[in-house]
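Colleague: I am new to this structure and would like a close look at a single part of it, the cavities and whatever surrounds them. Could you take me through that part slowly?

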Amino acid sequence: MSSEEAPSTDLITLTRHVLNDQIRLGSAATGDLTLLLTAIQVTSKFIATNVRKARLINLVGLAGETNVQGEEQKKLDVLSNDIMVNALRASGKTAVLVSEELENAIIIEEKHRGKYCVVFDPLDGSSNIDAGVNIGTIFGIYQVRPDSTGSLEDVLRPGSEMVAAGYTMYGSSANLVLSTGSGVNGYTLDAALGEFILTHPNITIPQRGKIYSFNEGNAMYFHAPVTAYLNSIKFPAPPKTPYSARYIGSMVADVHRTLLYGGIFGYPNDKKSKNGKLRLLYEAFPMAFLTEQAGGIATTGTKRILDIVPTNIHERCSVFLGSRDDVQDVIKFFKEVPSDVK
């Protein structure tokens with residue numbers, strides 16, 4: 001008789017988990033958020049499938065190229081955007097959509113309009129796809145204001161007002177990490193079942209880590225507090241040991257590792273990118289939301305990211321997020337080291 005452990009027969013799928021949350025809310029729950037999250041997981045499965053076969057079906061070419069039939073070939077991030085927009089509109093639960101790929105917000109027509117707004121980066125890190133590096137979809141969800149039917153003002157609000165946020169990472173497996181405001185859970189796509197299965201319940205980021213994740217190719221442009229902080233963890237006074245550097249260049253992958261192992265992820269503003277590089281609404285806000293829900297901190301160095309009030313949908317900001325003690329060290333350097341910002 002085989003000593004191998006039998007597979008679990010009590011599978012907790014993402015749909016089941018979200019439905020349990022709905023049941024727990026009782027009469028206060030309408031089921032709309034559940035249906036919206038179902039639409040998001042369907043898009044994640046669709047994108048995961050296309051990412052896996054992108055090279056085989058020529059999805060890595062530039063948008064605007066044509067094939068021998070004269071048909072326009074869509075770049076993978078453009079295709080991912082179309083998948084997201086169509087699925088979210090068809091769900092009937094959205095009022096406003098903001099995408100990294102689109103210059104303007106989409107206001108959903110009345111017959112399909114719901115009470116949620118979704119901000120998203122359909123395929124973060126897509127420039128890495130040829131190298132086989134993990135990429136992902138990032139999303140955040142707001143509820144429209146009580147007196148609104150869906151306008152730009154419904155998304156130009158602090159990240160602390162989001163009702164849910166998450167990302168799906170596409171790599172050796174497809175992992176969906178989600179928070180609806182009561183902790184963070186991670187799910188892995190079982191391709192045979194076509195379902196996201198709960199594999200990382202109640203993700204809690206360690207109080208302190210030993211990994212830092214910065215693009216040090218920009219080190220010559222860093223402001224003094226950032227340089228001083230990095231020197232403190234790379235050349236610590238004995239008996240402390242230096243941190244390990246891990247930088248993938250795909251925000252989803254770097255943040256995923258930081259959530260699981262601890263440490264710090266940083267993409268600061270600098271002398272070259274005065275406002276930072278990461279987008280506030282659909283990159284910084286969702287990742288800050290998840291980080292705080294997992295017990296960590298997310299800051300610009302001087303203020304909490306989730307307290308920022310956006311002024312436009314593609315605004316950028318400085319980002320430091322991760323283990324509580326590590327990020328507090330960064331905040332301390334910003335208070336103590338004289339700034340060289342002119």
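Modeller: What follows begins with the model as a whole, then turns to the cavities and to one strand that lines the largest of them.

This is a predicted model, in which local features need pLDDT of at least 70 and side-chain atom pairs count only at pLDDT 80 or more, while totals for chains, interfaces and linings use all residues. Residues are numbered from 1 along each chain as its sequence is written, and side-chain values use heavy atoms, with hydrogens and water left out.

The protein has seven helices and 15 strands, where helices (H or I, at least four residues) and strands (E, at least two) are DSSP runs numbered from the N terminus. Of its 342 residues, 50% count as buried, a word that here stands for under 20% relative accessible area, with exposed meaning over 50% and partly exposed in between (1.4 Å probe, protein chains only).

Rolling a probe the size of a water molecule over the atoms shows where empty space is left. A cavity is a set of points, on a 1 Å grid over the protein atoms alone, where a 1.4 Å probe fits but cannot get out, and its lining residues have an atom within 4 Å of a point. Grid points are joined across faces, edges and corners, and a volume is the space filled by probe spheres set on the points. By this account the structure holds two cavities of 30 Å³ or more.

The largest cavity contains about 40 Å³ of space, and its lining is made up of Leu14, Leu37, Ile40, Gln41, Phe139, Leu176 and Leu178. Two elements, α2 (32-52) and β6 (174-179), each give two or more residues to this lining, and α2 gives the most, with three residues. Sorted by class, the lining has six nonpolar, one polar and no charged residues, where Ala, Val, Leu, Ile, Met, Phe, Trp, Tyr, Cys and Pro count as nonpolar, Asp, Glu, Lys and Arg as charged, and the others, Gly among them, as polar.

The strand β6 deserves a separate word. Six of the six residues of β6 are buried, so the strand is largely enclosed by the rest of the structure. In a regular strand the side chains alternate between the two faces of the sheet. In β6 both faces are covered, with Ala174, Leu176 and Leu178 buried on one side and Asn175, Val177 and Ser179 buried on the other.

On pairing, two strands pair if DSSP finds at least two bridges between them. Strand β5 (residues 164-170) runs antiparallel to β6 and is joined to it by six bridges, with tyrosine 167 standing opposite valine 177, and these two strands form a hairpin with three residues between them. Strand β7 (residues 185-190) is also antiparallel to β6, through four bridges, and here leucine 176, one of the residues lining the largest cavity, stands opposite tyrosine 187. The hairpin of β6 and β7 has five residues between the strands, and glycine 181 in its turn has a positive phi of about 100°.

The second largest cavity has a volume of about 30 Å³ and is lined by Asn215, Asn218, Phe222, Gly266, Tyr267, Pro268 and Asp270. By class, this lining has three nonpolar, three polar and one charged residues.

Technical notes. On a 1 Å grid over the protein atoms alone, a cavity is a set of points where a 1.4 Å probe fits but cannot get out, and a pocket is an open set with protein on both sides within 12 Å along at least five of seven lines; lining residues have an atom within 4 Å of a point.
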